[in-house]
Amino acid sequence: MRVVALRAVILLAGLAGWELFARLSNPLLYVPPSAALPALERLLTLQSYPDLLASLLLTLREIAVAYVLAIGAGLAGGFALGLHRVVGRAFGPILAALYAVPAVVWYPSLMLFFGLGEASKIAFGFLLGFFPITLAVLAGIRQVNPHMLVVARAFGARPPVVFAKVMVPSMLFTLVGGLRTGLALTVIGVIVGEILGSRRGMGALINHAYGLFRTSDYVALVLVTLVLIVGSDALAGLVERRAQRWTA
Amino acid sequence: MSDRARVRWLQALSVLGVLLAWEAVARLGWVDPLFVPAPSAVAGAFTRIGRGALAGLGDTLAKTAVAYLLSVTLGVGLGITIGSVRTLRDVLSPFVVVLYGMPKILVLPWIVLLLGFGTTPAVVYGTIHGLFPILVLVMGGVRDVDRNLISVARAFGASTWQLYWKVILPAIVPTVLAGMRLGIVFCLLGVLIVEMFAGVRGMGYVLGSLANGFQAPELFAATALVSVASIAIVLGLDALNDRLSHWRG
């Protein structure tokens with residue numbers, strides 16, 4: 001109880017301090033909370049940015065396409081590497097090395113190749129989501145108990161049955177975790193892509209507000225985008241808990 | 001043929017195969033060389049961008065080094081403080097988790113607005129990027145230090161200073177190393193993003209302006225340069241990590 005009270009005190013003190021500091025120094029630059037709330041209202045009633053819904057839908061569509069592609073390629077890549085020993089040992093280290101590169105270095109090339117539109121954001125979101133999914137499949141395959149595979153085969157289970165009844169259930173836990181991380185990174189990838197250069201979508205609105213020094217609108221847009229990000233992760237978390245209960 | 005040799009062969013052959021196929025596709029004119037230059041053109045571009053790109057890389061790595069130093073110092077210091085004091089940990093954990101999970105890209109425009117273009121926003125943003133993974137790991141590591149070790153040390157009359165220096169610090173060395181391994185990529189990522197968004201120097205700026213100028217061979221060469229540099233840094237840290245954990249036993 002005391003802990004919760006202390007947390008609330010810190011939060012309120014932080015907001016109050018911010019409000020005070022912003023008012024005393026430069027309200028335009030530091031956007032006090034009292035200015036952010038009206039801006040949020042203007043944004044949500046479509047006064048400041050009438051194309052908010054279209055932008056939100058575009059960003060969501062980019063995320064959805066990138067995520068579906070990342071799941072497909074990640075599962076395919078992961079199983080190809082995980083089920084074949086030599087292939088896995090040959091390409092696993094290459095994949096790990098590429099994962100160590102900060103992904104944003106690929107973005108200018110993607111932008112050159114796919115242009116300023118949706119395609120480059122989808123490609124970047126896909127790239128970010130692909131790695132954790134592939135790595136989760138690899139880790140999941142390593143978790144499968146080899147004895148169970150032997151027993152299943154000894155009892156005459158054919159490869160598709162072994163795959164569906166033995167492998168997938170025992171790696172589901174790790175796999176679903178990887179899918180959740182993949183979604184989070186896909187979302188970040190699309191938004192980073194939009195902020196680094198786009199004409200439409202939430203990132204473009206954020207850049208527009210920032211470029212015109214409409215700082216309170218910028219804060220409002222950031223809050224809306226944050227809801228989108230947190231919401232997608234909460235949804236993934238729900239699915240994750242479902243899957244965990246199913247395996248447990 | 002042994003497995004090891006087969007793996008090496010497969011790696012070499014596939015890399016070579018991809019390069020040859022790419023060269024062939026580019027030469028045959030199946031792709032527009034304006035967007036997808038042949039590997040030979042990329043190799044030629046290395047000499048053209050050489051000096052400028054190396055200067056940019058040096059600039060980026062210097063910023064990253066400062067950001068990294070700051071995030072490790074702050075991350076480990078705050079992590080030990082928050083992790084070892086029960087009340088602080090209980091009260092502050094949710095704030096740390098929220099800040100850790102919050103996509104930093106959303107505050108980037110604001111940071112640039114506050115700090116302008118140049119070195120400072122890159123260092124600050126790189127630090128913010130690297131700090132939280134290290135902080136979260138170290139907090140967890142300190143929380144999970146074996147309680148018995150602490151009770152025994154206390155029972156034998158260890159002072160608070162000795163408790164931190166002789167018990168907690170050695171116990172969290174692996175966690176700190178893991179955090180440092182994770183942090184470097186985040187710092188580099190943060191610095192590069194700022195340079196792309198609002199840079200006037202550095203590798204991110206070089207990459208961005210090459211893309212805007214449609215100089216595809218130079219862009220690919222510069223991308224390869226940063227990639228190799230970051231892979232080398234991470235592998236170097238891994239090797240250091242191995243050696244240190246070996247030494248610790």
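This briefing covers the fold of chain A, its contact with chain B, and selected features of chain B. The model is predicted. Chain A has 11 helices and 0 strands. On the other side of the interface, 37 residues of chain B meet 34 residues of chain A.

**Chain A: overall form**

- Read from the N terminus, the element order of chain A is α-α-α-α-α-α-α-α-α-α-α.
- The radius of gyration of chain A is 23 Å, whereas a compact globule of 248 residues would come near 18 Å.
- Along the principal axes, the C-alpha atoms of chain A fill a box of roughly 75 × 55 × 30 Å.
- Buried residues make up 37% of the 248 residues of chain A.
- Among contacts in chain A with a separation of 6 or more, 73% join residues 24 or more positions apart.

**Chain A: packing of H4 and H7**

- Helix H4 (residues 52–83) of chain A packs against helix H7 (residues 118–143) of chain A at an angle of about 35°.
- The axes of H4(A) and H7(A) are 6 Å apart.
- The crossing of H4(A) with H7(A) is right-handed.
- The contact of H4(A) with H7(A) holds 19 nonpolar, 7 polar and 3 charged residues.

**Interface between chains A and B**

- The contact involves 34 residues of chain A and 37 residues of chain B.
- On the chain A side, the elements giving two or more residues are helix H1 (2–24), helix H5 (85–99), helix H6 (107–114), helix H9 (159–196), helix H10 (202–211) and helix H11 (215–247).
- By class, the side of chain A that touches chain B has 29 nonpolar, 3 polar and 2 charged residues.

**Chain B: domains**

- The domain assignment splits chain B into domain 1 (1–31) and domain 2 (32–248).
- The C-alpha centres of domain 1 of chain B and domain 2 of chain B are 33 Å apart.
- Domain 1 of chain B gives 6 residues to the contact between them, and domain 2 of chain B gives 8 residues.
- The side of domain 1 of chain B that touches domain 2 of chain B divides into 4 nonpolar, no polar and 2 charged residues.

**Chain B: helix H9**

- Helix H9 (residues 202–212) of chain B is largely enclosed by the rest of the structure, because 9 of its 11 residues are buried.
- The buried residues of H9(B) include three glycines, Gly202(B), Gly204(B) and Gly208(B).
- Also buried in H9(B) are Met203(B), Tyr205(B), Val206(B), Leu207(B), Leu210(B) and Ala211(B).
- Phe214(B), just after H9(B), takes a positive phi of about 55°.

Notes:
Residues are numbered from 1 along each chain as its sequence is written. Chains are lettered from A and ligands numbered from 1 in the order in which they are written. This is a predicted model: local features need pLDDT of at least 70, side-chain atom pairs count only at pLDDT 80 or more; totals for chains, interfaces and linings use all residues. Two residues are in contact if their C-beta atoms, placed from the backbone, lie within 7 Å. Helices (H or I, at least four residues) and strands (E, at least two) are DSSP runs, numbered from the N terminus. Ala, Val, Leu, Ile, Met, Phe, Trp, Tyr, Cys and Pro count as nonpolar, Asp, Glu, Lys and Arg as charged, and the others, Gly among them, as polar. Domain bounds come from an automatic or database domain assignment. A residue is buried if 20 or more other C-beta atoms lie within 10 Å of its own, exposed if 12 or fewer, and partly exposed in between; C-beta atoms are placed from the backbone. Axes are lines fitted to C-alpha atoms, for helices over the stretch in contact, and angles run from 0 to 180 degrees between N-to-C directions. A crossing is left-handed if the near helix is turned anticlockwise from the far one by less than a right angle, and right-handed if clockwise. The radius of gyration is taken over C-alpha atoms; the globule rule is 2.2 Å times the number of residues to the power 0.38.
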